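User: I'm new to reading structures and keep tripping over the labels people use. Could you go through one with me and explain where the labels come from?

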Amino acid sequence: MKLYFKYIFSTLLMILFINGVYAQSDSKKDKIDALRATFIAKKVNFTTQETQLFWPLYNEMNDKLDVVRKTFRLQYNTTTNFNFITDKEAETYLAAELNLKQKEFETYKEYYEKFRKILPVKKVAALRRAEEDFKREIIKTIKEN
Amino acid sequence: MKQFQLHIILLISFVFFNTKLSAFNNNNNNNDTTKTVKPPRHYFNKTIYIDYYLTGKTKLDTTGPVSIKLKSYQINQFVFGYNFPIITKDIYNKDSTKISNFHFLIASNYSKLSLNFGGISKHELTKFSVGCRGIYNNGKKSIFFAELSPFVTKDNGYSYTRTYRLSCTFLYNYAANEYFSFRAGYTRSFLWGNRFQFPYIGIRVGKLDKTNLSVQFPRGMTFNVPVGQYVQTSIYTKPQGGLYTVANTDSLLNGNNYNDNKFYFGRYEFLSGLRIDVMPSKFFNFYLSTGITTKSNISFYPTPKAKKTGNAYNDSYSKNIKRNIFVNVGFVFRFGKTKSIYNNIQMYDALDINNTVSPGDNNINKGNGNIPRPGTKVKINNTDEVLDLIETQDLY
C-alpha cells in the first residue's frame, strides 16, 4: 500500500511539473483573449446565428495572427541586440518586420471580407471599434498599474 | 508489481508522446532563420486524469446465508485515464464562412476496485479499456458523438476471470443557442451493475460557462453554479457502478446447478452530493466531492446461466445496501496548445460531451476546466504581455 501511494504521489508531481511548463507560457495570453472575447460580445450585439458563425472565424483569425507574430518573435524579441553589426542583418530585420505587417494585413483583409458575408456591415464596423476600444482599456489598465 | 510496471510504462510513453522525443532531437539550431511556429492542430487538449472514490462500510443484514457470510460491504476505486486527440479536420463551406469539424480521439483508462466484504477475502477487480471516439460538429447547431469503449475486466490474481466487454455511446447534440442544448442517443452500459441498453436523453439549460442545469439520463443530473472565476460548485446525482468478474474462491455461489470457478458481480451506487471544482487554468483542474449513496445494490450473477441470456443477466443474489457516505476526489491535467474556442457554442458543447462521457464506462465527470470562463479584469504589469495588441499610435 505504501508503494502504491508513493507511486501516485510521484506520478502527480511529474505530471504537475510537465503541466506547469505548458501552463506558464500561455495563461496571461489566455486571460487577455478571454477578456477580449467577452468585451466584443458585449459591444457587438450578435444574434444566435451570428454568434455561431462569427466566433469560430474570429478565433481562427486570431490563431493565424498569433502564429505569424510568434514566428517573428522567434527571431526578434526582447533579448535581441538591435544594434546590428552588418547591413545584411539590418536588412533581414527590416524584411522580417515588413513581412509581419504584410501577413497581418492580408489576414485581417481576408477575414474582414468573410465577416461581411455573415454579419451586417454595421456590425463589422462595430467589431472593429470594439477591438480598438479594447486596446484603450488595456492601455488604461497598464497606466493604472 | 505488474500493475506498477504497467503504470510506469504508460507514464513514460505519455511523456515521450507528449514531448515528441524532443530531448533526443539534435536538429534544433537556434540560429535557423527559417524556423516557424506551428499552428495548433487540435481543439481538444491531451488530457490525463486521476480519480479516487471511496464509500463507507455498511453492515449487511443477516437474512440469507450469503449475506451472513459476507458480513459487511465497502469499496474504493482508483481510476487513471487519458484521452488524446489524434485527428482533427476542419471542413469549410464554399465561401469559407462556416467551419465544421471532425475530431477523432483515443480514450483509455485503467480502474481498480477494491472490494471489501468483511467476511471473505479481499478482491481487487481491475478494468482496462482502450477505446476511441469521434465527434463531428456541423458548424451550425448539430454535434454527433460516437464512442466505442471495449474493456477487459478481471479479479486480480485469477487470470481465468478475464472477461471482455464492450460499452458504447452514440449521441446527437442540438445546441439551440448558448442557453439550451438537447441530446438524444443510445448507450450500452454496465454502469447500473448489469448489461443494459438505454436510450440517452439529455437537456441543458443555462450557459456552460455560467450557472446551468444539466439532466442527462442515464448518466446523471447536475446543477452547476460558478463561484468567481476559478471555482464551480455543483449539486448532483448520478449512478456509479459496473459489472465485474469475481473468482468464486469463497464458494459464494454454490448448489447443484453451479460448478463454475467464477461469477459476475454487479454493483451500483446512486450518488447524491456536492462537488467543488477548482479550475486555476485550462491546463489543470481538480475536484472534491462528497455526499450520500442514496440507493445502492450489489448482485451476483452465475455465469453458466448468464450465457443463456441475451441481454441483462439474471441474478442469484441481490442485496440493497443501506445509505452511506462517499468521498470522491480527482485531478485533471491537460497538455498541448489548442485552437481558440472563445464564445464558440458548438465547441463548448463538444468539449462538454467529451468531458462528461467517461471512457471505460466509469461515469467520471472530468469537469469543464477547458471551457474558457468569461473574461474579467486582468492585471498587466508588463507591456510585453500585450505587444501584439498595441501599436505605437495607440499610445498618443
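Analyst: Sure, let's take the labels one at a time; keep in mind that this is a predicted model.

User: Let's start with Lys101(A): what makes it count as exposed?

Analyst: Lys101(A) sits in helix H3 of chain A, residues 87–118. A residue is exposed if 12 or fewer other C-beta atoms lie within 10 Å of its own. Lys101(A) has 12 such neighbours, so it counts as exposed.

User: And why is Asn343(B) called buried?

Analyst: Here the cut-off is 20 or more other C-beta atoms within 10 Å. Asn343(B) has 24, so it's buried. You'll find Asn343(B) in the loop between strand E16 (325–335) and H4 of chain B. Its phi is positive too, about 60°, although Asn343(B) is not a glycine.

User: Why does Lys71(B) get the label "partly exposed"?

Analyst: Lys71(B) has 14 C-beta neighbours inside 10 Å. Exposed needs 12 or fewer and buried needs 20 or more, so a count in between is called partly exposed. That's why Lys71(B) gets the middle label. Lys71(B) is in a loop as well, between helix H2 (65–70) and strand E3 (72–92) of chain B, and its phi is near 70°, a positive value in a residue other than glycine.

User: Back to chain A. Why are H3(A) and H4(A) called oblique?

Analyst: Their axes come within 8 Å and cross at roughly 135°. Over 145 degrees would count as roughly antiparallel, and 65 to 115 as roughly perpendicular. The angle of roughly 135° fits neither range, so H3(A) and H4(A) are oblique to each other. Their crossing is right-handed.

User: Which residues meet where H3(A) and H4(A) touch?

Analyst: From H3(A) you have Tyr112(A), Phe115(A) and Arg116(A), and they meet Val121(A), Val124(A) and Leu127(A) of H4(A). By class, that contact has five nonpolar residues, one charged and no polar ones.

User: What makes a group of residues a nonpolar core?

Analyst: Such a core is a set of buried nonpolar residues, from a list that includes Leu, Ile and Phe, joined through C-beta atoms within 7 Å. The largest one here has 43 residues, and among those with the most contacts inside it are Phe54(A), Leu57(A), Ile143(B) and Phe333(B). Helix H4 of chain B, residues 345–356, gives the most to this core, with six residues. There's also a second, separate core of 26 residues, which includes Ile75(B), Leu125(B), Phe265(B) and Tyr313(B). As background, nonpolar side chains tend to be buried together in soluble globular proteins.

User: How much of each chain counts as buried?

Analyst: In chain B, 40% of the 396 residues count as buried. For chain A, 19% of its 145 residues do.

User: What helices and strands does each chain have?

Analyst: Chain A has four helices and zero strands, so from the N terminus on, by DSSP runs, its elements read α-α-α-α. Chain B has four helices and 16 strands.

User: Last one: which peptide bond is cis between Phe217(B) and its partner, and where is that partner?

Analyst: The bond from Phe217(B) to Pro218(B) is cis, with omega near 5°. Pro218(B) lies in the loop between strand E10 (212–217) and strand E11 (220–227) of chain B.

Note on methods:
Residues are numbered from 1 along each chain as its sequence is written. Chains are lettered from A and ligands numbered from 1 in the order in which they are written. This is a predicted model: local features need pLDDT of at least 70, side-chain atom pairs count only at pLDDT 80 or more; totals for chains, interfaces and linings use all residues. Helices (H or I, at least four residues) and strands (E, at least two) are DSSP runs, numbered from the N terminus. Axes are lines fitted to C-alpha atoms, for helices over the stretch in contact, and angles run from 0 to 180 degrees between N-to-C directions. Angles under 35 degrees count as roughly parallel, over 145 as roughly antiparallel, 65 to 115 as roughly perpendicular and the rest as oblique. A crossing is left-handed if the near helix is turned anticlockwise from the far one by less than a right angle, and right-handed if clockwise. Two residues are in contact if their C-beta atoms, placed from the backbone, lie within 7 Å. Ala, Val, Leu, Ile, Met, Phe, Trp, Tyr, Cys and Pro count as nonpolar, Asp, Glu, Lys and Arg as charged, and the others, Gly among them, as polar.
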